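Me: Hello! I have just opened this entry and would like to get to know it. Could we go through it together, one question at a time?

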Amino acid sequence: MIVRISGEDQYELADADAARLNELESAVVAVVESGSEDGFADAYAAMLDFVRTQGTPVPEDELESSDHILPPADITFAEAAADFTGEGLIPD
Amino acid sequence: MAGLTGRMSTVVKAKVSKLLDRAEDPAETLDYSYQKQVEQLQNVKKGIADVVTAKKRLQMQESSLQQSVVKLDTQARQAVSGGQEDLARAALERKNVAQTELQSLDTQVAELEDQQQKLTDSEQKLRAKIEAFRTKKEVIKAQYSAAEAQVRISEAATGVGEQMADVGLAMQRAVDKTENMRARADAVQELEAAGTFDDLTALGPGEDDIDRQLKQLSSQPAVDDELAKMKSEIGAGDAASAGQISPPSQPPSEGQQT
């Protein structure tokens, strides 16, 4: 599967990595939903580090779409809260 | 599809898809599609130029505030030497506000530099994707039947489109941050425009609007400390080097020279 870290790169990961990535993502969402910023930066960095270390960067001349797209590394807690809770979902 | 079922990836992907839908029209011809990508690249370059402009504006503001800090410090020392404590306090309040704003500007300039770097990286990646698309479309046109070419080029265009959408999100964030900074700096900019940091002789009797705002913006304990320090320094015979215009109110008790 191909995972993009927004503002960074696309990474090719083994499908078997999906379960661990899911766990890491759930941990981030749980922190955001708790409403407390404690632990957010660490949880988020852990998820991105997993993608960067387990994945291989997709060559820049490859024109593949990503299976998953993660927010940028410098996303703030406030931005994450707006995105993942309440009415933050792509208001239209 | 194997992979994440979580909300985060879904949300961000939906955002990108939304931009993608706007960016890609299946009816477009290959060449037009490429032409549009190149136009998008120009927009990214313009976005980077806007960030650089915002950064330069902040840097100019920094250098003018730095001059004000030096000037206000000198004025405060002169006022202390002349025994005008109110005037010294007013100068130090202004200096305190200017210094606080300088620190904030430093942070903002660093943040904009960071944004600029990220956008520049994104632009290079987008350029590489567009170049790959250009090559690929020629190969596809030469090798495949029209129907098959349509499918393959559509896949390639989606790959480029995702990169464009990602750069679009990055640019949007940069713009949001720049606007946010502008809003924060407004209060101090108004004071600066009113000459607050320049002309102490314009101080009228009693409290005017500017003085009230300064009191709110400045840290009174820090001003108290600095005033006390300045008084002890100047009282200890440092007056000659601090301010040469006004003579000290009392002659130095000891001939310390610095």
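**A first tour, residue by residue**

Me: Let's begin with B:Glu123: is this residue buried or exposed?
Reply: The relative accessible area of B:Glu123 is 8%. Residues count as buried under 20%, exposed over 50% and partly exposed in between, using a 1.4 Å probe and protein chains only. With 8%, B:Glu123 is therefore buried.

Me: Good to know! What kind of model is this?
Reply: Residues are numbered from 1 along each chain as its sequence is written, chains are lettered from A and ligands numbered from 1 in the order in which they are written, and side-chain values use heavy atoms, with hydrogens and water left out. Local features need pLDDT of at least 70, side-chain atom pairs count only at pLDDT 80 or more, and totals for chains, interfaces and linings use all residues, as this is a predicted model.

Me: Which residue meets B:Glu123 in a salt bridge?
Reply: A salt bridge here is a side-chain nitrogen of Lys or Arg within 4 Å of a carboxyl oxygen of Asp or Glu. The partner sits four residues away in helix 3 of chain B, so about one helical turn separates the two. That partner is partly exposed, with a relative accessible area of 38%. At 2.4 Å from N to O, the side chain that meets B:Glu123 belongs to B:Arg127.

Me: What is the N to O distance in the salt bridge of B:Glu131 and B:Arg134?
Reply: These two also lie in helix 3 of chain B, three residues apart, about one turn of the helix. B:Glu131 is partly exposed at 38%, and B:Arg134 is partly exposed at 33%. Their side chains meet with N to O at 2.7 Å.

Me: How many salt bridges does a search of the whole structure find?
Reply: Some share partners: B:Asp73, B:Arg77, B:Lys95, B:Glu226, B:Lys229 and B:Glu233 are joined into one network in this way. Over all chains, the number of salt bridges found is 22.

Me: Which residue of chain A forms a salt bridge with B:Asp166?
Reply: B:Asp166 lies in helix 4 of chain B and its partner in strand 1 (residues 2–5) of chain A, so the pair joins two chains. B:Asp166 is buried at 3% relative accessibility, and the partner is buried at 1%. With the closest N and O atoms 3.7 Å apart, the partner is A:Arg4.

Me: Where chain B is concerned, how many helices does it have?
Reply: Helices are DSSP runs of H or I with at least four residues, and strands are runs of E with at least two, numbered from the N terminus. Chain B has zero strands, and its pattern along the sequence reads α-α-α-α-α-α. The count of helices is six.

Me: Which helix supplies the largest share of the largest nonpolar core?
Reply: A nonpolar core is a set of buried Ala, Val, Leu, Ile, Met, Phe, Trp, Tyr and Cys residues joined through side-chain atoms within 4.5 Å. The largest one has 33 residues, and B:Leu126 and B:Phe133 have the most contacts inside it. Helix 2 (30–81), helix 3 (85–143) and helix 4 (146–193) of chain B each supply at least two of its residues. The largest share, twelve residues, comes from helix 3 of chain B.

Me: In chain A, what is the order of the four strands in the open sheet?
Reply: Strands pair if DSSP finds at least two bridges between them. Strand 2 and strand 3 of chain A run antiparallel and are joined by two bridges, with A:Glu12 having A:Thr56 as its bridge partner in strand 3. The pairing in the sheet is mixed, and the order is 3-2-1-4.

Me: Which strands of chain A stand at the edges?
Reply: Each edge strand has a single partner strand, so one side of each is left without a neighbour in the sheet. The edge strands are strand 3 (56–57) and strand 4 (68–70).

Me: Last one: which residue has the backbone nitrogen that the side chain of A:Asp15 reaches?
Reply: A:Asp15 sits in the loop between strand 2 (10–12) and helix 1 (18–34) of chain A, and counts as partly exposed at 48% relative accessibility. A polar contact is a pair of N or O atoms within 3.5 Å; within protein, one must be able to donate a hydrogen and the other to accept it, and residues adjacent in sequence count only if both atoms are side-chain atoms. At 3.1 Å, the backbone nitrogen reached is that of A:Met1.
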